[in-house]
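This report goes through the nonpolar packing, the aromatic pairs, an annotated loop and the overall dimensions of one model. The sequence and structure come first.

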Amino acid sequence: MDSGLKWLGLAGPTASGKTALALALARRWPVEVVSVDSALVYRGMDIGTAKPSAAEQAAAPHHLLDILSPAQSYSAAQFVADARRLIDEIRSRGRWPLLVGGTMMYFKALIDGIDEMPAADPEIRAAIDAEAAQLGWPAMHARLAEVDPATAARLKPNDSQRIQRALEVWRASGTPLSTLHLRARRAAPPADGALIALEPASRAWLHARIAQRFDAMLASGFLDEVRRLRADPGLHLDLPSTRCVGYRQAWEALDRADPPDLVDIRERGVAATRQLAKRQITWLRSMAHRRVVEADAAEVEARLVTLVESLIGPAGTAPD
């Protein structure tokens, strides 16, 4: 048992069973759940994000859900500040902070530390967007490669959101984004949490669950949810919220026709979600100190409970 732990993390790709397993832990230990998800922060985005239901939220206190309008943005630095505050508050109540989600950049920032990034600059961003409209994002990617080759090497030429931010950081600070990330790693604070990774042994198992969940979303009124978002004049496809997997594909389909081609939405949505899951697993595997539990094991809950017992003590144990 590691008595120095202040929080537990439960990370995994989309559709790996994180919510159900988090609630299984909440039935045994005094925990409060802190969401580690860049989409769950948005109000009105419930079905497409698989946001925990009212009953699930009632089973254990949840934090960092529904804290922003979809017109707003949320950064890794903001998450770290919020998470650190919540960890202290939850522990002061004699409960365990259980950080649950699939936004691996947030977990990495919390564990490794994060350098102070330049604030968003609307003028610089507008100038970059104007250049991209004229030259195209592959050309902007080439410009990024000239000033920050390390960041450019990990981005695809059409990854407009990340190329834009990396160029913005360079133009605002004169420092490459990759250098700021390196500084953060060198100044990383001591680890005070344990990260548990739900990683499926079978990709086919995960792919089947992704398809099943997307079908359930469609049956639960996902398209109506996207229609409500599209009706908001303050929202558009260049926002972080509307870029979320599933939402972008549905929004674009509704732009083409309404009623849209459901088969096309499903195919595009499932394919995009698979790609997201692949990226999440790649992120997880780069975290050397994670503790892995096979998400598709028949006895996954029992394995997880045994691991948590070894970390914080038997069921019912509260923080020191």
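## Nonpolar cores

In this predicted model, the largest nonpolar core has 50 residues, and Phe79, Leu99 and Phe107 touch the most other members. Helix α3, residues 76–92, supplies the largest share of this core, with seven residues. A second core, separate from this one, holds 28 residues, including Trp29, Leu98, Leu198 and Val305.

Beyond its neighbours within four places in sequence, phenylalanine 79 is in contact with Ser35, Val36, Leu64, Tyr74, Leu99, Tyr106 and Leu110.

## Aromatic pairs

Four aromatic pairs turn up in a search of the whole structure. One of them joins tyrosine 74 and tyrosine 106 edge-to-face, with 6.0 Å from centre to centre and 75° between the planes. Tyrosine 74 sits in the loop between β3 and α3, while tyrosine 106 belongs to helix α4 (residues 104–112), so this pair ties together parts that are 32 residues apart in sequence. Are these two tyrosines buried or exposed? Tyrosine 74 has a relative accessible area of 13% and is therefore buried, the cut-off being under 20%. Tyrosine 106 is buried too, at 4%.

The rings of phenylalanine 79 and tyrosine 106 are also paired: their centres are 4.8 Å apart and their planes meet at 15°, so the pair is stacked. This pair likewise links distant parts of the chain, with phenylalanine 79 in helix α3, tyrosine 106 in helix α4, and their positions 27 residues apart. Both phenylalanine 79 and tyrosine 106 are buried. Through ring pairs, Tyr74, Phe79 and Tyr106 form a cluster.

## The annotated loop

An unreviewed UniProt entry lists Gly12, Pro13, Thr14, Ala15, Ser16, Gly17, Lys18 and Thr19 under "binding site". Glycine 12, one of the listed residues, lies in the loop between β1 (7–11) and α1 (18–26). Its relative accessible area is 0%, so glycine 12 counts as buried. With residues up to four places away in sequence left out, glycine 12 touches Lys18, Gly101, Gly102, Met104, Leu198, Gln280 and Leu284. Among these contacts, Leu198 is also a member of the second nonpolar core.

Alanine 15 lies in the loop between β1 and α1. Alanine 15 is buried as well, with a relative accessible area of 6%. Which residues does alanine 15 contact, leaving aside its neighbours within four places in sequence? They are Trp205, Leu206, Arg209, Ile210 and Arg213.

## Histidine 62

Histidine 62 is part of strand β3, which spans residues 62–63. From its side chain to the backbone oxygen of alanine 60 the distance is 2.6 Å. Apart from neighbours within four places in sequence, histidine 62 is in contact with Leu23, Val33, Pro52, Glu56 and Gln57.

## Overall dimensions

The protein contains 14 helices and six strands. Its radius of gyration is 20 Å, close to the 20 Å that the globule rule gives for 320 residues, so the protein is as compact as a globular protein of that length. Along the principal axes, the C-alpha atoms fill a box of roughly 60 × 50 × 35 Å.

Of the 320 residues, 47% are buried. Among contacts with a separation of 6 or more, 78% are between residues 24 or more positions apart.

Technical notes. Residues numbered from 1 in each chain as written. Predicted model: local features only at pLDDT ≥ 70, side-chain atom pairs only at ≥ 80, totals over all residues. Heavy atoms only, no water. Helix = DSSP H or I, 4+ residues; strand = E, 2+ residues; numbered from the N terminus. Polar contact = N/O pair within 3.5 Å; in protein donor to acceptor, adjacent residues only side chain to side chain. Contact = heavy atoms within 4.5 Å. Core = buried A, V, L, I, M, F, W, Y, C linked by side-chain atoms within 4.5 Å. Buried < 20%, exposed > 50% of the residue type's maximum accessible area, 1.4 Å probe, protein only. UniProt positions renumbered as here; feature names shortened; annotations may be inferred. Phe/Tyr/Trp six-rings, centres within 6.5 Å; stacked < 30°, edge-to-face > 60°. Rg over C-alpha atoms; globule rule 2.2 N^0.38 Å.
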